[in-house]
Amino acid sequence: SIYFQDDLESLVDSPSYSARGTIKPKANFDAEKDAAALKDAIEGLGTNEKVLIEILTQRSNDQRQLICKAYEKATGRTLEKDLKGDTGGNFEKLLLALITPPAAYDCHEVTRAMKGAGTQDCILVEIFASRSKQQIKALKDVYLKETKKDLIEKLGSEVSGEFSKALILLAKGERDGSDSVDVGKAKEDAETLYKAGEKKWGTDESKFIEILCKRSIPQLRQILIEYKNISGKTLQQSIEGEMSGELEELLVAVVKCAKSLPAYFAERLHESMKGGGTDESTLTRIMVSRSEIDLLDIRAEFKKLYQHSLRSDIESDMSGEYGDCLKAICGGDD
């Protein structure tokens with residue numbers, strides 16, 4: 001996999017989080033003025049999509065919340081309801097995602113993943129593997145507030161087996177939050193993983209789950225280095241060789257996210273657009289949810305991995321207002 005051409009050693013010192021979004025709060029922001037412009041754009045003859053895109057992609061999420069309040073005050077209707085009435089398809093879903101607070105958006109995506117026959121595991125994998133403890137706690141709080149139910153219990157009834165154990169550990173937010181690295185402990189954990197997988201006939205999945213879902217991110221990065229030293233293979237290669245199905249997908253995602261969140265998302269974006277059809281819901285979710293966190297870094301990784309820019313992929317794959325809105329979120333061409 002492309003992932004492992006890079007230098008594992010430099011990982012340990014790389015930051016786990018950076019404010020590297022493409023969308024920043026607008027200076028001299030005026031919620032009432034924006035709300036009035038949106039009202040005109042929606043109520044005029046034929047919706048003025050350009051104005052919707054311009055305003056909603058060039059404000060931070062906090063600012064959009066204030067616009068929603070001002071809009072309701074000015075019109076007596078919610079912006080959400082008016083957007084639903086006036087736009088459609090993927091463009092509508094993208095605009096609605098933009099006006100939803102991040103924790104609520106994560107929560108609604110998790111809920112959507114659990115709806116209907118068969119769980120959409122890839123959404124659960126992406127969200128629970130990539131979100132910080134704080135983000136996971138925030139999405140569970142929204143779930144409890146909106147449904148009066150406990151998300152952990154709900155997940156337990158929707159997924160099963162070892163996949164369920166790993167997912168629930170991540171959802172409980174039991175990952176260690178410390179920044180310090182204990183090299184001795186990392187060696188021990190790497191040895192444990194080696195014995196539980198490569199060295200043994202049949203894999204002891206519980207050891208992989210315990211270590212990958214509980215250790216801190218800096219600690220996991222050190223474990224990746226120690227594991228390669230012991231086994232000669234990367235941990236990702238071992239997981240792919242030893243496991244299958246959703247558990248493999250989840251644990252590989254955890255490893256990739258520990259290594260580099262931007263590279264993980266760049267790969268997800270690439271997969272959502274390549275081949276026969278486009279997976280618009282994944283594209284929308286990642287572009288919106290990373291727009292104020294690390295989309296600049298995702299763009300840089302995308303260019304590194306695929307030799308062309310994220311924007312050029314969006315341009316060749318998406319058309320119409322949906323494409324225009326995604327390009328506005330994406331920002332420049334690399």
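**Warm-up: Where does Q307 lie?**

Q307 lies in the loop between α18 (295-306) and α19 (310-317); helices here are DSSP runs of H or I, at least four residues, numbered from the N terminus.

Before you go on: this is a predicted model, where local features need pLDDT of at least 70, side-chain atom pairs count only at pLDDT 80 or more, and totals for chains, interfaces and linings use all residues. Residues are numbered from 1 along each chain as its sequence is written, and side-chain values use heavy atoms, with hydrogens and water left out.

**Exercise 1. Check the phi of Q307, then say whether Q307 is buried or exposed.**

Step 1: Most residues other than glycine have a negative phi.
Step 2: Q307 isn't a glycine, yet its phi is positive, near 60°.
Step 3: Buried means under 20% relative accessible area, exposed over 50%, and partly exposed in between (1.4 Å probe, protein chains only).
Step 4: With a relative accessible area of 61%, Q307 is exposed.

**Exercise 2. Work out which residues of helix α4 are buried, and how they are arranged.**

Step 1: In α4 (residues 79-86), look for L79, D82 and L83: these are the buried ones.
Step 2: Down the axis of α4, they fall within an arc of 100° (taken from the directions from the helix axis to the C-beta atoms), so they line one face of the helix.
Step 3: Residues three or four places apart point the same way, because an α-helix has 3.6 residues a turn.
Step 4: Flip to the other side of α4 and you'll find K81 and G85 exposed.

Conventions. Helices (H or I, at least four residues) and strands (E, at least two) are DSSP runs, numbered from the N terminus.
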